[in-house]
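Let's take a friendly walk through this model, one set of contacts at a time. Keep the viewer open as you read.

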There are 2 protein chains.
Amino acid sequence: MDTSGRTPANVPGPAAEAAAGPVDVGGNGPKAARGRIRGGGRASASMADVARLAGVSSQTVSRVSNGYAGVNEETRRQVLAAMKELGYRPNSAARALKRGEFRTIGVITFSLSTTGNVRTLEAIANSAAHEGYAVTLLPVAVPTQDEVRGAFSRLEELAVDAVIVIMEVHLLDAATVTLPPHVQVVVVDSDAGDRYTVVDTDQAGGSRAAVHHLLGLGHRTVWHLGGPEGSFAAQRRAHAWRAALAEAGRLAPRLVRGDWSAESGYRVGLELATEPDCTAVFAANDQMALGLLRALHERGRRVPEDVSVIGFDDIAEASSFLPPLTTLHQDFAEVGRLCVEAVLRKMRQDGPERGTTIVPTRLVVRASTGPPPGGGGGGS
Amino acid sequence: MDTSGRTPANVPGPAAEAAAGPVDVGGNGPKAARGRIRGGGRASASMADVARLAGVSSQTVSRVSNGYAGVNEETRRQVLAAMKELGYRPNSAARALKRGEFRTIGVITFSLSTTGNVRTLEAIANSAAHEGYAVTLLPVAVPTQDEVRGAFSRLEELAVDAVIVIMEVHLLDAATVTLPPHVQVVVVDSDAGDRYTVVDTDQAGGSRAAVHHLLGLGHRTVWHLGGPEGSFAAQRRAHAWRAALAEAGRLAPRLVRGDWSAESGYRVGLELATEPDCTAVFAANDQMALGLLRALHERGRRVPEDVSVIGFDDIAEASSFLPPLTTLHQDFAEVGRLCVEAVLRKMRQDGPERGTTIVPTRLVVRASTGPPPGGGGGGS
DNA sequence: CCATCGGATGTTTACGTAAACATAACAGCA
DNA sequence: TGCTGTTATGTTTACGTAAACATCCGATGG
């Protein structure tokens, strides 16, 4: 762990601490070591090297390298041969410096512990690759503002043209500080569409669908196992749940919360199992639903005969739960794709272009939901 | 942690308070956009700009920026003030060009669909960040050699100093082709320790522990629900399973396979449920174990009364399965950390340094395993 | 009192690429 | 034949940074 400490070379940073004498950047002592350049081994050949071997100017090599027209076929062949012989690879740092762009997108995410973030990240990486962009990952270990600020701070000097934030934006707000002016930002999971470009799943629509599904089966009302307070997604799901019940003229039970984890779903589930009038639960994500299923099972409440459970996300395992979970499918791939699309569009047009893009959910009915115990009517 | 200390060094960290305002940034309207140069809008200021404003040479700015000693306190203050005013950020492309390193690690991974890969990636990203390195993600959509080759091809011109491959190495072999000579590679999940530096979980030890656990409970033998043929991890788990049984003088049942997914575990499980003498199953990962549990449940075989099930990975949800799953805990965080450590060490020492580092597993006993139906003896 | 030293700062140069601006060779055409 | 327009290629320059080298200055000491 501590290894970092020993490497002043690392980031000369600590200097600030003190005009006092840190540093001397010491690590550098063995200066040769640093620059993997023409040290002991060989360095990657440069255009000049290729040019020399091919007997042309480096500009011609550049033209070949970038596929410009206007190079004699014969010459091109020679250059290509020389490139191959030397194992030439364009130096992306020099290229980025010259062109002023890195062809890289930074993704800031608060841990990869939730399926949604991971799926989204995956889709972002794929879409980006497809567009010729690389993705640089910026994990934020702890979602404190300090941490986020730190991530952004690092980001500032990072080689990225744009940033996608998979995180609640309120953390972002206080930390956004000094992003380089030309870097565009797109946010997932937020209601800050007025200030940023936001791409998100239709949390409200999905939640409403969950409630309607359960009410439609005859349940008198629906309990909600919500996500943590800090999460906008959780907040909106809870809000829509309440609203849908209100619209239907039902009384909303008190809100209970987990932290997205199966474990928390289990804890809350033990509690819910003792509520005699609890016949239908809408869990804010599938993992909590899993814990809930376990708790209900342990307490002898059958699903769906005694209690119906519906989740949110449709993670791959949901169909293998006991019983297979009815849930709302989120199209994370689409969310990721749209993020990349949006951020590239912003970059290219340089338009501010705020606003929120919503990706719909889809109700997937499996075996965890059914009519309430009393039968169709529920008893209202 | 230490991060806080380090930030201010490079830059006037807290700068922005005032300059803040995420601001539209859009000012760039004119097509100057691309070059983000000093066109209509503002560009990120360069050292020269800062130098001019502070009335010093750009070299002095460089010294301040990198925290060199030997800068008069007064001068330093002026430079920092100028940096702050202009919102100066070092240009990482220029820096990389000059220094010959990017401070970035590339991670090639075949999809993020398995928990293990994701957890490892996360740990890598965290460790790398801690060392002042960024992580660039290279997803390989389909694990064909063409795809892998493509990823590596992109990688060749990518701005990375080293590469970590989370993937079976046999795909790598045919594709590794032309990695830039100075780029170091570390591989996860492989037996190619003779050719690469490999970090991996103790697949064999874990599998052996699983078998011993079940035999110790009195089962006559242990079935194995293996992973896909292409995977080295699956291969080694299966191999160790067979070996452990052999050592104990037991007959190994035929090997059945899934593809890591819960769904496949379910399919195979339906089949296993019909085997009358199947009282204990070692699933090669937790997800398949989940599907297996469902299949057994549906077929009326109780776990652990009729059949014991043990998994591998200890994913977060395993403790919430029905019943909570006995499994082998993999320390992915440690794997990731070691990967980063190894790759950085290789980079710095420029030593080939092959060999395999093994991270031990830990048996986590929960409720899915117990004595066989007949009682302790099993009936041998 | 001058030679020397070392701290503080400035100047030159190179990193590898690619845009912008030359130049050269040659074909077409009046 | 001489002018013009292409096509193929070379030369110059700049991107932002930082190492290497150069300079300046006050202080120290013989």
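Which side chain meets that of A:Glu275 in a salt bridge?

## A salt bridge between two loops

The partner is A:Arg254, and the N to O distance in this salt bridge is 2.9 Å. Please keep in mind that the model is predicted. The pair connects distant parts of the chain, 21 residues apart. A:Glu275 sits in the loop between α11 (262–272) and β8 (280–283) of chain A, while A:Arg254 belongs to the loop between α10 (232–247) and β7 (256–257) of chain A.

The two partners can also be described by their accessibility. A:Glu275 has a relative accessibility of 19%, so it counts as buried, the cut-off being under 20%. A:Arg254 is partly exposed at 40%.

## Other salt bridges

Over all chains the count comes to 30 salt bridges. Helix α13 (residues 332–349) of chain B holds B:Arg337 and B:Glu334, 3 residues apart, or about one turn of the helix. These two form a salt bridge whose closest N and O atoms are 3.1 Å apart. B:Glu334 is partly exposed, with 23% relative accessibility.

B:Arg345 and B:Glu341 form a salt bridge too, with 3.8 Å between the closest N and O atoms. They are 4 residues apart in helix α13 of chain B, so about one helical turn separates them. B:Arg345 is partly exposed at 32% relative accessibility, and B:Glu341 is partly exposed at 28%. In chain A, a network of salt bridges links A:Glu73, A:Glu74, A:Arg76 and A:Arg77.

## Around DNA strand C

Now turn to the DNA. There are 25 residues around DNA strand C, and those that come nearest are A:Met47, A:Gln59, A:Tyr88, A:Arg95 and B:Thr75. The residues of this surface divide into 8 nonpolar, 11 polar and 6 charged. Looking from the DNA side, 60% of the strand C atoms within 4 Å of the protein belong to sugar or phosphate, and the rest belong to bases.

Several contacts involve phosphate oxygens of DNA strand C. One such oxygen is 3.5 Å from a side-chain N or O atom of A:Ser62. For the side chain of A:Tyr68, the distance from a phosphate oxygen to an N or O atom is 3.1 Å. With A:Asn91, a polar backbone atom is 3.0 Å from a phosphate oxygen. The elements giving two or more residues to the surface near the strand are α3 (58–65) and α5 (92–99) of chain A, along with α3 (58–65) and α5 (92–99) of chain B. The most comes from α5(A), with 4 residues.

## Buried polar side chains in chain A

A:His213 lies in helix α9 (residues 203–216) of chain A, and its relative accessible area of 15% makes it buried. What does the side chain of A:His213 make a polar contact with? It is the side chain of A:Thr369, at 3.0 Å. The C-alpha atoms of A:His213 and A:Thr369 are 8.8 Å apart, although their positions lie 156 residues apart along the chain. A:His213 also touches residues including A:Ile310, A:Thr326, A:Leu363 and A:Val365.

A:Thr197, in strand β5 (residues 197–201) of chain A, is buried at 5% relative accessibility. Its side chain makes a polar contact with the side chain of A:Lys346 at 3.4 Å.

## Cysteines

The structure holds 0 disulfides over all chains. A:Cys278 is buried, with a relative accessible area of 2%, and B:Cys278 counts as buried at 2% as well.

Methods. Residues are numbered from 1 along each chain as its sequence is written. Chains are lettered from A and ligands numbered from 1 in the order in which they are written. This is a predicted model: local features need pLDDT of at least 70, side-chain atom pairs count only at pLDDT 80 or more; totals for chains, interfaces and linings use all residues. Side-chain values use heavy atoms; hydrogens and water are left out. A residue is near a molecule or strand if one of its heavy atoms lies within 4 Å of it. A polar contact is a pair of N or O atoms within 3.5 Å; within protein, one must be able to donate a hydrogen and the other to accept it, and residues adjacent in sequence count only if both atoms are side-chain atoms. Ala, Val, Leu, Ile, Met, Phe, Trp, Tyr, Cys and Pro count as nonpolar, Asp, Glu, Lys and Arg as charged, and the others, Gly among them, as polar. Buried means under 20% relative accessible area, exposed over 50%, partly exposed in between (1.4 Å probe, protein chains only). Contact means heavy atoms within 4.5 Å. A disulfide is a pair of cysteine sulfur atoms within 2.5 Å. A salt bridge is a side-chain nitrogen of Lys or Arg within 4 Å of a carboxyl oxygen of Asp or Glu. Lists of a residue's contacts leave out its neighbours within four places in sequence.
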